[in-house]
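Hi,

Here is the structure I promised to pass on. Have a look at it first, and then read my notes underneath.

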Amino acid sequence: MKITMIHIKRAAMLFVAGFLCVLMFRCVFFADAAGTTGTVKNRILNVRKEASTSSSIVCKLSKGTKVTIVSETTGTDGMKWYSITFSSSNGTSKGYVRADLVSVSGNSSNQTPTTSADNNTANADVLYVKNASVRVRDEPSTSSAIVAGLVKDNAVDVRGTKTGTDGKQWTKVSFTKDGQRIHGYIRSDLLTSKKPASVTDISSENKNQTTAEAQNGDTLYVSASAVRVREEPSASSTIVANLLKGDEVRQKSVKTGDDGKQWTKVSFSINGTRYRGYIRSDYLTKSNTSKDTSGSSASGEDSDTRYVTASAVRVRDDASDSCDIVANLLKGDKVSFRSVKTGGDGKEWTKVSFTISGTKYHGYIRSDYLSKSKPSDDSSSGNTLGSTNTNNNTDASGKTGTTRLAVINVRQSATTSSGIVAKVKQGTKATILSETTGTDGRTWYYISCVHNGSTIKGYVRSDLLNL
């Protein structure tokens with residue numbers, strides 16, 4: 001019994017001693033941070049409930065705000081976080097912030113060492129891309145994987161520096177792109193601490209003369225035969241839409257792209273839908289006086305009108321018989337001339353635009369299938385797209401045809417407000433059972449066709465079928 005009590009006493013003493021050691025270790029571990037004053041480095045810093053970027057935000061602190069560092073810990077992202085307290089309207093508040101986003105007063109050990117041969121980047125918290133475009137790498141090496149691309153004037157937060165495999169200094173950076181926080185390396189000589197002028201502050205010698213006097217909100221017109229509207233001011237950026245000569249846009253702002261040229265941010269409408277994007281400024285003009293290759297204006301006047309002269313033609317996505325089919329047109333159908341181009345077959349193709357059932361289409365037709373004058377009166381003479389009938393038959397019952405558009409709706413009754421039986425693809429064969437006049441005053445066909453292996457029946461507009 002005595003031996004047992006002695007053992008228990010010894011065990012208790014060892015426990016107390018161990019606890020005191022752990023406590024002393026924690027005090028030493030936190031000695032550098034606890035009670036230290038920190039200063040917010042970022043323009044805006046999220047204070048979170050836990051040491052995780054997925055944790056809820058307690059509040060947002062602005063650059064220069066003083067905080068008291070209570071302790072430090074490793075967050076769920078593997079990085080060092082500080083537990084902090086700070087003054088707020090509710091008194092003293094607390095939360096967690098990433099350690100690299102706070103400058104610690106009088107404690108250089110908490111700062112990532114930054115030594116730089118480039119005085120422009122030494123000891124800077126925020127740097128700016130000074131080249132037209134740079135690649136952000138996963139590691140400090142030109143052979144490392146590309147994390148993202150940045151363009152001139154983009155701001156990045158400095159995380160540290162490192163000598164790369166090429167012997168040059170690289171800067172570890174973080175930045176937000178497309179709503180995501182990204183980390184990587186950029187060569188230090190491609191960054192500068194000098195904040196560039198506003199992106200809309202374009203020097204007069206770099207302004208395109210045709211839009212030099214344009215102000216944000218002004219109406220501009222496409223001066224090239226065709227332009228691609230990009231998501232960002234870069235020829236490699238995602239295409240938002242294609243516009244044609246004479247199309248109208250509204251200027252929002254201007255910006256220097258990654259190619260060093262001026263781009264104009266614009267807004268415009270296509271079929272009632274509003275779009276935004278960038279167009280190279282030298283492809284825009286203030287006055288709608290641009291001319292197409294035939295010498296007629298791009299405003300859609302009669303001099304720009306062409307008519308299909310063949311019994312039926314396929315409109316292609318580009319000037320080639322092997323390109324995708326946009327739509328099928330019939331003899332007498334009217335289109336708007338846009339430009340001409342020599343196709344892959346060595347023949348001349350005409351770029352046209354036209355409307356079918358209220359939808360605007362663009363594409364190419366072989367020029368020898370078009371004419372400036374209406375074709376002679378025959379089974380399709382004088383018909384334009386969307387007309388009541390595509391031929392002079394008074395009753396098309398028993399005839400077969402194929403659908404003209406990429407997708408058409410087969411409806412329960414002869415009206416566009418009726419329920420859809422099925423959506424059938426271009427080229428689907430249909431048997432016309434009868435015809436009737438719809439609520440829109442146009443001719444509709446009651447058809448039978450095979451869709452997904454089953455025979456269906458319903459109504460389609462007559463102008464959506466090729467007989």
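How much surface does the protein expose, and what share of it do carbon and sulfur atoms supply? The exposed area is about 25100 Å², and carbon and sulfur atoms account for 48% of that. Keep in mind while you browse that this is a predicted model.

Now for the overall picture. The protein has 467 residues, and 42% of them count as buried. Its secondary structure comes to 35 strands and 1 helix. If you take the contacts with a separation of 6 or more, 53% are between residues 24 or more positions apart.

On the surface, there is a positive patch to look up: Arg-250, Lys-252, Arg-274 and Arg-276 form it. Two strands, E18 (248–256) and E20 (273–280), each supply at least two residues of this patch. Arg-274, for one, sits in strand E20.

The other spot I looked at is Glu-232. You'll find Glu-232 in the loop that runs between strand E16 (226–230) and strand E17 (239–244). Is Glu-232 buried, exposed or something in between? Its relative accessible area is 40%, so Glu-232 counts as partly exposed, a class that lies between the under 20% of buried residues and the over 50% of exposed ones. Leaving aside residues up to four places away in sequence, Glu-232 touches Ser-237, Trp-263 and Tyr-278. Lys-255 is 23 residues away from Glu-232 in sequence, and their C-alpha atoms are 9.7 Å apart in space.

Cheers

Technical notes. Residues are numbered from 1 along each chain as its sequence is written. This is a predicted model: local features need pLDDT of at least 70, side-chain atom pairs count only at pLDDT 80 or more; totals for chains, interfaces and linings use all residues. Side-chain values use heavy atoms; hydrogens and water are left out. Patches are made of residues with over 30% relative accessible area and no salt bridge: like charges are joined within 9 Å, nonpolar side chains (Val, Leu, Ile, Met, Phe, Trp, Tyr) within 5 Å. Accessible areas come from the Shrake-Rupley method with a 1.4 Å probe; for residues, only the protein chains shown count as cover. A salt bridge is a side-chain nitrogen of Lys or Arg within 4 Å of a carboxyl oxygen of Asp or Glu. Lys and Arg count as positive and Asp and Glu as negative; His and the chain ends are not counted. The place of a charge is taken as NZ of Lys, CZ of Arg, CG of Asp or CD of Glu. Helices (H or I, at least four residues) and strands (E, at least two) are DSSP runs, numbered from the N terminus. Buried means under 20% relative accessible area, exposed over 50%, partly exposed in between (1.4 Å probe, protein chains only). Contact means heavy atoms within 4.5 Å.
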